Amino acid sequence: MTGKNLWMVRLAMTVMIAMLLAGSSSVKASGSNNPPAAPAEVKIDNFSFAPQTLTVAAGTTVTWTNRDDIPHTAVSTDGVFKSKVMDTDEKFSYTFTKPGTYPYYCTIHPKMTGTVVVQ
Amino acid sequence: MTDRKQNLIDQGMQDLNNDGIDRRGFLKCMAWAGTGLVWTMSGGIPVSRAFGKAIDHGAAKGGDFSFVQISDSHMGFNKPANPDVVATLQAAVDKINGLPNHPDFLLHTGDISHLSRPEQFDTVDQVLKSASAKDVFFVPGEHDVLDDNGKSYLERYGRNAQGAGWYSFDHKGVHFIGLVNVMNLKAGGLGSLGGEQLEWMEKDVKQLKHSTPVVVFAHIPLWSVYPDWGWGTQDSAQALGYLKKFGSVTVLNGHIHQTMQKVEGNVTFHTAMSTAFPQPQPGKADSPGPMKVPADQLRSVLGITDVNYVRRQHSLAVVDSNLV
């Protein structure tokens with residue numbers, strides 16, 4: 001292998017690893033030997049969930065973090081998951097095993113809504 | 001005859017009999033009731049005066065009385081917007097105790113605690129013991145019914161209440177209705193009273209005379225202050241519908257941590273300041289979260305609401321004063 005080819009292989013591998021690390025939330029499961037999906041995060045700032053719609057692979061653990069000075073919750077509209085009240089900097093995690101669309105809201109401030117899409 | 005002329009005649013009639021009933025003229029007024037202003041209702045027209053130039057009630061006559069509304073004490077809150085909510089609640093009580101007319105009782109319109117914890121309720125109860133008025137009537141805010149669906153709130157404050165904590169009582173000829181609009185909130189929605197409570201309320205007011213002054217108090221505003229921030233109650237129109245027959249209705253709310261007033265027909269809506277921290281004016285910030293003001297200005301944006309009932313005026317005078 002020439003030095004140039006080796007460099008190309010290294011570059012391609014680096015890009016693939018970077019894509020896996022950064023874009024894991026959008027990687028579709030394509031086989032049974034895939035590693036567990038990387039965790040995903042929802043931040044709560046200024047009475048809103050960000051991202052408002054989060055798309056993840058099945059098996060992903062999603063963690064909500066409340067960064068407001070006011071407590072919030074993240075509760076599934078369909079009763080699938082329900083956080084305790086999160087005070088400032090407190091977190092809640094839930095692992096999504098089945099594909100589907102999961103709308104949720106803050107039961108204290110119901111104008112705050114979000115969705116997790118599991119592929 | 002034009003509507004305008006008819007309104008003027010109606011208004012003139014009211015000025016003569018001053019009973020606040022049969023107001024055909026429809027007055028819709030939304031105003032920022034700045035701290036230190038006195039609002040009274042006279043013939044349907046809200047009149048403001050500088051605080052301190054008191055309404056001349058003369059000597060308190062039999063049947064006249066006052067009560068004080070406090071709100072949003074958020075006991076347990078300790079963020080930069082107010083690191084000492086115990087001290088500001090105590091300042092509110094001191095203010096109450098210094099009022100020229102001693103109030104007969106206090107109304108607390110919710111968010112007593114910040115996180116519904118027993119020790120937070122305990123602290124509020126303890127501070128309020130130093131108030132000259134010993135009776136305190138509560139309704140819950142959303143912060144008082146976290147996690148346990150309001151169970152601990154009801155155990156403590158709901159002994160004489162129905163359902164999720166609503167109730168009514170009479171005091172010197174005025175009918176008071178405490179409503180709960182912070183339970184079972186639906187995704188994307190506003191405050192909610194719910195069918196069971198509305199049914200109860202309809203029955204509760206049915207037997208009252210039209211001339212009975214009615215005071216309704218609840219945490220979230222029963223009028224649409226700013227729905228984008230959830231500052232409204234989705235089924236409040238139904239509740240207000242039951243009150244149409246009454247000549248004098250005063251609606252007292254909290255939740256938005258600032259004073260705001262609106263007069264619509266026979267109903268005066270008023271929101272109280274918090275004793276803990278201010279919130280921004282509707283839409284004037286990214287969110288309705290606690291607003292940090294310079295420490296030396298905090299007490300100028302916190303306060304109490306003194307409500308005076310004078311029988312012959314058939315209206316209630318609402319007086320906001322800050323904690324400075």
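**A helix pair in chain B and a buried histidine in chain A**

In this predicted model, helix α2 (residues 85-97) of chain B and helix α3 (residues 118-128) of chain B have axes that come within 9 Å and cross at roughly 30 degrees. With angles under 35 degrees counting as roughly parallel, that makes α2(B) roughly parallel to α3(B). As for handedness, α2(B) and α3(B) make a right-handed crossing. On the α2(B) side, the residues involved are B:Val86, B:Leu89, B:Gln90 and B:Val93, and they meet B:Thr123, B:Val124, B:Val127 and B:Leu128 of α3(B). Sorted by character, the residues of this contact come out as six nonpolar and two polar, with no charged ones.

Staying with α3(B), a look at burial fills in the picture. Four residues of this helix are buried, namely B:Gln120, B:Phe121, B:Val124 and B:Leu128. They sit on the same side of α3(B), because the arc they cover around the axis is only 100 degrees. Two of these buried residues, B:Val124 and B:Leu128, also turn up in the contact with α2(B). Turn to the face of α3(B) that points away from the buried side, and there are the exposed residues B:Pro118 and B:Glu119. As for what lies over the buried residues of α3(B), the cover includes α2, β6 (136-138) and α4 (151-157) of chain B.

Now for chain A. Its elements are one helix and eight strands, and reading from the N terminus the order is α-β-β-β-β-β-β-β-β. Chain A has 119 residues, and 28% of them count as buried. Taking the contacts in chain A between residues at least 6 apart in sequence, 47% join residues at least 24 apart.

One residue of chain A worth a stop is A:His109, found in the loop between β7 (100-105) and β8 (113-118) of chain A. A:His109 counts as buried because it has 21 C-beta neighbours inside 10 Å, where 20 or more are needed. Neighbours within four places in sequence aside, A:His109 is in contact with A:Phe47, A:His72 and B:Gly230. The C-alpha atoms of A:His109 and A:Phe49 are 12 Å apart in space, while the two residues are 60 apart in sequence.

The contact between A:His109 and B:Gly230 leads on to how the two chains meet. Overall, 19 residues of chain A are in contact with 18 residues of chain B. On the chain A side, the residues that touch chain B are a mix of eight nonpolar, six polar and five charged.

Notes
Residues are numbered from 1 along each chain as its sequence is written. Chains are lettered from A and ligands numbered from 1 in the order in which they are written. This is a predicted model: local features need pLDDT of at least 70, side-chain atom pairs count only at pLDDT 80 or more; totals for chains, interfaces and linings use all residues. Two residues are in contact if their C-beta atoms, placed from the backbone, lie within 7 Å. Ala, Val, Leu, Ile, Met, Phe, Trp, Tyr, Cys and Pro count as nonpolar, Asp, Glu, Lys and Arg as charged, and the others, Gly among them, as polar. Axes are lines fitted to C-alpha atoms, for helices over the stretch in contact, and angles run from 0 to 180 degrees between N-to-C directions. Helices (H or I, at least four residues) and strands (E, at least two) are DSSP runs, numbered from the N terminus. Angles under 35 degrees count as roughly parallel, over 145 as roughly antiparallel, 65 to 115 as roughly perpendicular and the rest as oblique. A crossing is left-handed if the near helix is turned anticlockwise from the far one by less than a right angle, and right-handed if clockwise. A residue is buried if 20 or more other C-beta atoms lie within 10 Å of its own, exposed if 12 or fewer, and partly exposed in between; C-beta atoms are placed from the backbone. The arc is that of the directions from the helix axis to the C-beta atoms.
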